[in-house]
Structure formats: C-alpha cells, structure tokens
Amino acid sequence: MKTSTQDSAGSFAQLGGTGYAQISFTTSGIKWIARKSSSSGQADVYLDGVKVQTVDLYASATQYQQTVYEVSGLPETTHTLRIVRTGTKNTNSIGSSITLDALIAPDIYPPATPTGLTATPDSTGIRLTWTANTEPDLAGYRLYRANGTSSTWVQVQDAMILGTTLFDAGLDPATTYRYRVRAVDTSANLSPTSTVISQAPAPRPTFSAPTLSDCPTATVTPTDATQLRTALANASPGDVIRLAANTTYSFSWYTLARSGTATQPIWICGPRSAVIDGGGTSDGRGLRIDGASYVNVVGFTMRNAAKGLQVRSSSYIVASNLLIEQIGDEAIHLLSNTTDSMVVGNTVDGTGLGPDRAFYGEGVYIGTARENRCQYSNCQPDRSDRNVIAFNQIMNTTSEAIEIKAGASSGWVYGNSVDGTKMGSDHPAPIIVFGNQWVIEKNDIKNAVADGLQVWTADYELQYGLDNQILANTATNVPGLLARIGNLTKGTIVGCDNALAQQGRSNISCQR
C-alpha cells in the first residue's frame with residue numbers, strides 16, 4: 001500500500017508480480033477504481049468465478065481514480081470479484097503492473113414499500129405507526145406530512161426514524177393532515193412511498209381559570225385570622241370564603257382539609273388587597289390544602305411565608321390570579337400525589353428568601369424530590385399527574401421558575417412568562433422537567449443562566465424524563481440552548497417551532 005493524495009482515501013496498491021485481488025460483496029453491483037498510466041498492464045476480471053472482461057490499464061499520461069470495471073443489477077446475494085494480473089500489456093505500455101485504488105460496492109436497489117401505515121390522534125398531535133420492513137440492509141424510515149390539501153410534502157423529522165412509529169406533535173386541531181412513509185437502506189436508497197393516509201388531531205385543551213369576578217356571592221366573609229381559620233375548618237361544598245379588601249390575615253399555618261364537589265366547589269377568593277401574611281420567610285405556609293378536592297383559590301395575595309400555596313394529596317384544585325410574593329422557599333407546590341389541578345394566571349415575585357434557602361426557591365414545583373419521598377409519598381415516586389401550569393408570570397426566583405420532578409406525568413406547562421434573572425449558577429435553566437409526557441409549549445423564557453429549559457432522566461430512575469413535548473417556546477437572553485435534552489432521555493420531541501437561543505435550538509434534532 002502506497003500513500004498518495006491523488007488516489008481515493010489517500011492510498012493505492014500496486015501488483016507487479018503474479019497474483020490477484022479478490023473481494024466478496026452482497027450488494028447489487030461493484031466498481032473497480034484504478035490508476036491508468038504509461039507503465040500499466042492488463043488484468044482479467046472474474047465475477048463469481050466466470051471471466052467477464054480483460055481490462056487494459058494503459059494510458060499515455062497518468063489518470064487517477066478511473067472506473068475501469070463496473071457491474072450493476074445483480075441480485076443482493078453474496079458475490080465474488082477477482083482481479084488477476086495477466087502479465088500482458090498494451091504494445092505502447094512500458095510495463096505490465098496493475099493498480100488498485102478502491103473497490104466500491106454500491107447498492108442501487110431500494111427497500112420495499114412500507115405497508116400498514118396508520119394514524120391515531122394523541123395529545124397535541126398524531127401518532128403514526130407502520131409495519132416493519134424485512135430487508136437486512138434497512139437503515140430506517142422517512143415520514144412525510146402534507147397540510148390539508150397542500151401538494152407540498154415536508155419531512156417530519158431530520159433524523160432517521162429507527163423504529164416503526166413516530167408521534168407528530170404540536171399540530172393544528174382544525175387541520176386534517178396527510179402522511180406517507182418511505183424506507184431507507186444503508187446505501188441511502190429510498191423505497192417507493194407508502195399509501196397516503198389522512199387524520200385530524202384531537203381537540204386541544206383550554207386552560208381558562210376563574211377570576212375574582214367569577215367568585216360567587218360570599219357565604220362567609222372573615223375579617224381576621226381567627227375567623228378565616230374557622231371558615232376553613234368548617235367549609236363544606238358550595239361555601240364561598242371571600243377575603244375582605246384591604247385586610248391582612250396574619251397567621252402562618254392556614255389549612256383547608258375539606259372538599260367541595262364538581263358542581264359545588266369550595267371557593268377561597270378575594271381581591272389583591274386581601275393579604276395572607278405568614279409572618280416571616282423562615283416558617284409556615286400562606287395556605288395549605290390537604291387531602292381535599294374541588295377547591296378554587298382565586299385572586300388575593302399571599303406573602304411573607306416560608307411557602308406560599310402548598311397542595312398535598314388533593315385533586316381538582318384551581319389556583320388562579322393570585323399574587324404570591326416574598327416567599328422563603330417555593331411559591332406554589334403541588335405534591336403527595338396531587339392530580340388534575342390547575343395553576344393558572346398567577347404572579348409569582350420573589351422566592352428563596354428564607355435564611356440559606358436560595359436553593360429551594362422554585363416558583364411552581366410539581367412532585368417530590370427523591371430524598372423526600374418517604375416523608376411525602378410513601379417512599380414511592382410522587383405521581384402528581386395531569387396538572388396544568390399555564391399563563392403564570394414568574395420572576396425573581398432563586399431556583400427554577402418551574403420544576404417537574406420524576407414521578408409526575410401527563411401535565412402541561414403552557415404560555416408562562418418566566419424570568420431567570422435571580423437564579424444562581426447551580427440552577428442553569430428556568431424550566432426543568434424530570435417527569436414523563438409533559439407538554440412544554442409557548443412559554444416565554446428570559447434571562448437564563450445557561451439553557452432555557454432542560455429535560456433529564458436520572459441514571460438511577462430511567463423510567464422518568466421520557467416522552468415530553470417541547471413546542472413553540474421563545475427565548476430572550478438565553479446564552480445556552482433553548483432546550484437541552486439529557487443523554488438518557490427517550491421519546492422527547494423538540495419542535496422546530498422553538499426559538500433559537502444563543503447556542504441554538506437543542507442538542508437533538510427538531511421535528512417540523
């Protein structure tokens with residue numbers, strides 16, 4: 001083997017004595033690439049043991065990377081090519097050696113047309129599945145989408161689809177989409193297109209939440225802390241506890257452990273000038289809802305407590321249009337298997353203000369950290385599922401504006417405005433997700449330490465951090481990526497409709 005910058009891959013082989021070169025291949029054709037020169041001789045070419053051609057490598061001036069023999073259209077079974085130096089030469093040649101630059105076995109046969117393409121509405125889009133091809137050299141698939149009656153087909157994902165399913169996320173529910181799929185082999189041959197199918201996505205959920213004007217006529221109007229504690233302790237379905245304007249309720253452990261019903265929720269409401277004051281950022285709660293269901297908490301202010309609103313072991317709780325400020329730890333915490341609840345339209349301003357509590361200053365926190373599960377979720381992952389965090393304004397948090405812990409699944413983080421200005425370097429993204437099947441969509445992310453949002457799977461908990469959807473988020477002053485996806489995560493989709501942060505959109509291929 002001799003080096004040469006003028007030959008393929010920077011080298012070539014030369015045979016000047018008796019001998020041959022041989023290769024086995026399983027593709028549909030092969031090329032012999034060689035030099036031609038004034039000192040080259042002749043060679044016999046054998047395909048599958050049969051002589052097919054004598055090749056003359058003579059040329060008056062040296063020619064590099066010449067295709068001197070080629071065959072195509074072979075069945076994709078095992079073949080053998082042998083090149084034998086004959087020792088003969090053209091009468092004009094001054095030598096009889098032969099050269100071998102490269103043997104290239106291109107595959108020109110495409111895979112079979114994929115079959116069995118089906119489409120099913122799911123979450124924000126459509127889940128496509130098809131039957132697996134059986135070719136041994138199959139590399140994967142390409143899925144194409146056309147919107148409505150458009151004749152323009154778009155490849156849904158840049159990266160090769162390695163399985164036989166893809167979830168096409170972030171679609172318009174008012175549009176019917178058409179799909180087709182093609183198989184790709186290891187030589188980049190594309191199959192014919194599959195049968196075209198059509199499907200409309202499922203309707204999107206709406207995230208409307210009550211405002212103060214929706215609060216019914218009061219059944220009780222407490223005017224001091226004692227009256228408020230009594231009203232909470234005695235609440236029953238349909239009760240409306242309306243806080244008085246321009247009134248501060250100073251107490252650190254207000255708790256509601258009573259439930260309403262779907263048709264008669266319990267209301268705790270009041271104007272912004274009605275303030276629950278916890279008496280200090282080192283202890284207490286603004287309000288705890290514990291083991292309750294069907295409760296609406298609307299409109300008023302909570303401040304100056306270790307924690308703002310804490311919801312434990314509850315369901316169908318609505319926290320909307322609150323102002324929660326000057327909090328020692330996290331502002332809003334849904335935990336202990338709290339499900340089907342909504343945190344909508346609230347303003348969070350200032351968390352992590354307790355003594356040495358900056359690390360715990362989340363704005364909205366869903367679930368329980370692994371080290372605290374034995375205290376809050378029977379030592380099991382905290383399945384605070386199907387919760388919604390939407391249209392909140394979250395600023396001046398010393399930790400994540402929104403954090404979803406492992407165990408929590410199937411929720412939405414939608415349309416929030418989050419600002420990471422006060423976050424420390426140990427909190428690199430205003431939104432962090434460790435849960436499964438969350439939709440993170442249309443959030444406006446500002447002033448991050450590094451990335452806009454991150455999705456992670458812990459190496460000790462591989463069943464979480466999966467199948468999340470990152471769609472149409474925007475970024476301002478985000479020095480890293482808009483969305484960083486951890487190496488162990490699987491199934492997470494980053495839409496190409498997400499904004500580009502300073503280092504780009506994501507570390508994984510986006511989906512159109």
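Which strands are included in what covers the buried residues of helix 1? To answer, open this predicted model, in which local features need pLDDT of at least 70, side-chain atom pairs count only at pLDDT 80 or more, and totals for chains, interfaces and linings use all residues. Residues are numbered from 1 along each chain as its sequence is written, and side-chain values use heavy atoms, leaving out hydrogens and water.

Select helix 1, residues 225-233 (helices are DSSP runs of H or I, at least four residues; strands are runs of E, at least two; both are numbered from the N terminus). Its buried residues (under 20% relative accessible area, 1.4 Å probe, protein chains only) are Ala225, Leu228, Ala231 and Leu232. Down the helix axis they fall within an arc of 125 degrees, taken from the axis to the C-beta atoms, so they line one face of helix 1. The cover, counted by contact (heavy atoms within 4.5 Å), includes strand 18 (240-242), strand 19 (247-250), strand 20 (253-256), strand 21 (266-269), strand 22 (274-277) and strand 23 (285-290).

Next, select Cys215 and Cys269, which form a disulfide (cysteine sulfur atoms within 2.5 Å) with S to S 2.0 Å. Cys215 lies in the loop between strand 17 (197-199) and helix 1 and Cys269 in strand 21, so the pair ties together parts 54 residues apart in sequence. Cys215 is buried at 9% relative accessible area, and Cys269 is buried at 0%.

Finally, select Cys374 and Cys379, joined by a disulfide with S to S 2.1 Å. Here Cys374 is exposed (over 50%) at 57% relative accessibility.
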